[in-house]
Amino acid sequence: MSVDEDARWLEWVTKQFESIAGDDKEIDLDEFKTALKVKESFFAERFFALFDSDGSGSISLDELLKALELLIHGNETDKLRFLFQVYDVDGSGSIDPDELKTVLKSCLRESAISLPEEKLDDLTLALFESADKDNSGSITFEELKAELESFPEVMENLTISAANWLKPPKLDQKKHQTPRYLTRAYWQNNSRKLLFLCVYALLNLLLFTFAVLQHSYGGAWFMVAKGCGQCLNFNCTLVMVLMLRRCLTWLRATWVMKILPLDQNILLHQVVGYAIFCFTLLHTAAHVINFALQAEQSEFSLWEFLLTTRPGIGWVKGTASLTGLVLQLLICLMVFCSSTFVRRSGHFEVFYWSHLSYIWVWVLLIIHCANFWKWFVVPGLVFLLEKIVGIAVSRMGSLYIVEVDQLPSKVTHLVIKRPQFFHFKPGDYIYINIPVIAKYEWHPFTISSAPEQSDILWLHVRSMGQWTNRLYEYFRQPGGQAVCPKRLATSLRRRRQQGKVQDDMFNSADPNEPVASNEDESIELMMLRQSGSQYSAAATSESGGPGPVERQPDELGPAERGEVSAKLGENHRFCNIKCYVDGPYGTPTRQIFASEHAVLIGAGIGITPFASILQSIMYRYRMRKQTCPSCSYSWCQNIKDSDMKLRKVDFIWINRDQKSFEWFVSLLTKLEMDQADEEPEGRFLEMHMYMTSALSKNDMKAIGLQMALDLLAKKEMRDSITGLRTRTQPGRPEWGKVFQKLSMEKKGKVHVFYCGAPALAKVIKAQSEIFGFNFYKENF
C-alpha cells in the first residue's frame, strides 16, 4: 500500500472499530462474532484469542491494528503462522489428528457442506498423511508450510473474513473505456435484435406521420391522438404475432432464423407491450384534451364526451369513449401485473389471469376503432388456429403422470407417460395443465428428458409460486388409495427385468453394433432415476402400465383424479394422475447442435433444459463411438456430421447448496461413465461444478477443507460433495478466467447458452461480448 492508502486504511479501521466497540472502546467476543459474520463460532473464538494478545478477554484498537497489520501487510510466512496458530487449538506447537478433525468439521459447517462422519475421518486422514512428512504423528509449522506450497492457488490471496471486513472500500475510479453498447462485439452479437428494433421504430414513426398528415384538419391534439391510434393498430397486432409459439417454433428451422431474432421473441413482446402502454396513455390524454377544447364550443360537456354515447363518437353506436376508457384500464392492469415484481414474487397466477384479459382487449379494440379489424383479421385467424390446434393436441392421447419424486430444495420431478405422436427437440418446453392442482391453469416448464427416451417425459418443477407450491404440497400428502398388490408386484418385476437389460447393454454390448427396439428403452432406463443416493448409478423406474381410457377431468376415477397408487419411499411414488400438455415449443437452445463449441451454463434449477440436451448429445456421441477389437479401447473418431457439428461441450452448473446437486447427480454420473476413456483430441464433454455457499480456497477458514477435499478426490477418483469425478469448486466462477480458458481451446466458434437468474445473465452476456462469443438465454 502507498502512504495515502495506509492513511485511508487506518482511518477506515478506526471508524469501523468505534462503530462496533461502543462506549467502552473495547470489542468483546460477542461483538466480534457479530461483526465477523461467521456461521461457525469456532473460528470466531480462535481469531479472537489470537487478536487478544494480552488475554484480557477484549480487543483494543491497538491489538486489532497489530493483528490486521500482519494479515494485510504481512508476508506469506506471517499469514501461514497465523493459520497454524488457528489450527493448533491446544497451543502445543504442533497439530495432531484430533485437532485437525475439529478444524475440518468447523470448515464443513462454515461452508454449509454436510458429510457423514466416516467421510470426515477420510478427509482428516488424507490431509494429515499428506502433511505429516516425517510420520511423527503431528504436523509442525514447517510441514504445514510445505504442504500449502503445493497448492499455489491457495497462497495467491490468503485472507480471513476479519481482514476483508476491515478493508476500506475501493475508490471509484472513472475508467476511460468505450461503453458496452458502443463496442463492436455488442453490435455483432445483437445485430438481428438491433436491426429489428430499428425497423420497428421506423415503422411506428412512418405510421404516426402518415396518420398525423391525414388528420391535419382536426387540430394538433386530434392529430396526435390519431397518430398514436394508428401505431396502436400496428402494435396491438404485432404483440400477438410475437407470441405465435407454434409458428415461431416452425420458423426456427428455416432461413428466417438467420434474419429475425426469433430467440428473443419474449423480450420483443415485452418491448411492444410497453410501447402499447405509452401509446395508449398519449392517445387517451390527447383525446381528453381535444374533448375539453370541443366542450367549450359544443352543447356537450367534457364528462358527456368521456362517459356517455350522446356525442356519437365511434363507429359502433358512439361507444369509442367508453371502450377507450375500459381499454386504458385493462392495458394498465396487464402491464402492472406483467412486471418482474409481480411475476418473481410468487404471484405468477396474478400475471396469468390478468394476461388473459387480452381477449377482451381485442374485442373492445374492434368495437373501439373502425380500422383495427383490417390489421387483426389475418394474425387473429392464425392465432385462433394455433389455439385450436393446441387444444386438439393437448386432448389427444392418454397423458398421465406415472411417477413423482420430491427432490431437495422443494423440486418436484414428474414422470409423464409420453404419447406416440409427441415429438420434441432437446431444450424444448411445454405448457402443462394438471386438473387436480388447478383445473384451468397452464404453466410452462422445460422438458428435462431427452427425445431419445421414447416412452416418458420428465419435468422438474421448483416451488416458487402458488401453483408450484400446491403441486409440491399435494404430493407430500399420504396417498389416499390402497396399493394394488398385483400392480405393484408387476411393476417391481418389470423394474428388475429392465435393470437386467440395462446391465447387459452397457457391460457387454458392442458399441458399434446397432441395437433394435430395446435401445431407446435402455437409454430411458439408465437415465430415468435422478433422486437416489448421490453416489449411486442411475436406477430404473416404471413408465408404462395399462393404458387408461380417455375421459374428461370430471369423469375421472379416484386414482386418475390424483390418488397415489403406490408409494416406494418417503419422497418417491408411483401414481396415475391425468394431465394435459400443450407443445412442444422451441427455444434458443435449438442452436446448440449447429455450434462447434457449446458452453452450457445452468444456475440452480436452470439445469433442466441442459439435462435434456446433455442426454441427447451423449446419445449421439455413444452412437459414434469406435472400439478396438483387440484391446477394447473406445474412442469417438468423428463426432462432427450434418446432424451435430459439436466438437466440444463445456457444462457449468452453479448451485447455492450441496443438496441441489442431488437433482441430477445420477444423470451426470452416467455421462461421466460414457466417456471414461480419454479421446485423442481431449475430452468431448467437460463438467464444471460450483457451490456458492462454500468458502473460496483462499479464505483462511476453508483452506484446510479444500486441501483435504482435493487430496481425497485424487485418491478416490471422485468428489466427496457430489460423488462425481468432477471436483466441485467453491464459490462463484471467475468468468473472465473461465472464458479466457475457453477461447484458448480453439475448438471453433464458442456459443454460450444460459438458463437461470436474470442478474447472472447480464454478467455472463457482458463477458461473452468481450470475448466475441455468441450468447443465448433460455426465455419463455
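In this predicted model, Asn-655 of strand 12 has Met-691 in strand 13 as its bridge partner. Strand 13 spans residues 685-691 and runs parallel to strand 12, with 7 bridges joining the two. Strand 12 is also joined to strand 9 (residues 597-603), again in the parallel sense and again by 7 bridges. Within that second pairing, Ile-654 of strand 12 stands opposite Ala-603.

The strand pairings described in this report are listed below.

| Strand pair | Sense | Bridges |
|---|---|---|
| Strand 9 (residues 597-603) and strand 12 | parallel | 7 bridges |
| Strand 12 and strand 13 (residues 685-691) | parallel | 7 bridges |
| Strand 3 (residues 429-433) and strand 8 | antiparallel | 4 bridges |

How many residues of strand 12 are buried? The strand covers residues 648-655, and 8 of its 8 residues are buried. Its side chains divide into two sets: Lys-648, Asp-650, Ile-652 and Ile-654 point one way, while Val-649, Phe-651, Trp-653 and Asn-655 point the other way. Both sets are buried, and they include the charged residues Lys-648 and Asp-650.

Helix 26 (residues 665-674) is likewise mostly covered, with 9 of its 10 residues buried. Among the buried residues of helix 26 are Val-665, Leu-667, Leu-668 and Leu-671, together with Ser-666, Thr-669, Lys-670, Glu-672 and Asp-674.

A separate topic is the antiparallel sheet. Here 3 strands form an open sheet in the order 4-3-8. Strand 4 (443-446) and strand 8 (580-585) are the edge strands, each pairing on one side only. On average, neighbouring strands of this sheet are turned by 30° against each other, direction ignored. Strand 3 and strand 8 pair over 4 bridges, and Tyr-431 stands opposite Asp-582 of strand 8.

Two further helices can be described by their side chains. In helix 8 (residues 141-148), the buried residues include Phe-141, Glu-143, Leu-144, Glu-147 and Leu-148. These residues lie on the same side of helix 8 because they cover an arc of only 165° around the axis.

Helix 12 (residues 191-214) contains Leu-195. Leu-195 is one of the residues making a nonpolar surface patch of about 760 Å². The other contributors to the patch are Val-199, Leu-202, Leu-203, Leu-205, Leu-206, Phe-210 and Leu-213.

Key
Residues numbered from 1 in each chain as written. Predicted model: local features only at pLDDT ≥ 70, side-chain atom pairs only at ≥ 80, totals over all residues. Heavy atoms only, no water. Pairing = 2+ DSSP bridges. Axes fitted to C-alpha atoms, helices over the stretch in contact; angles between N-to-C directions. Patch = residues over 30% accessible without salt bridge, like charges linked within 9 Å, V, L, I, M, F, W, Y side chains within 5 Å. Areas by Shrake-Rupley, 256 points an atom, 1.4 Å probe, with all protein chains shown as cover. Salt bridge = Lys/Arg side-chain N within 4 Å of Asp/Glu carboxyl O. Buried < 20%, exposed > 50% of the residue type's maximum accessible area, 1.4 Å probe, protein only. Arc of directions from axis to C-beta.
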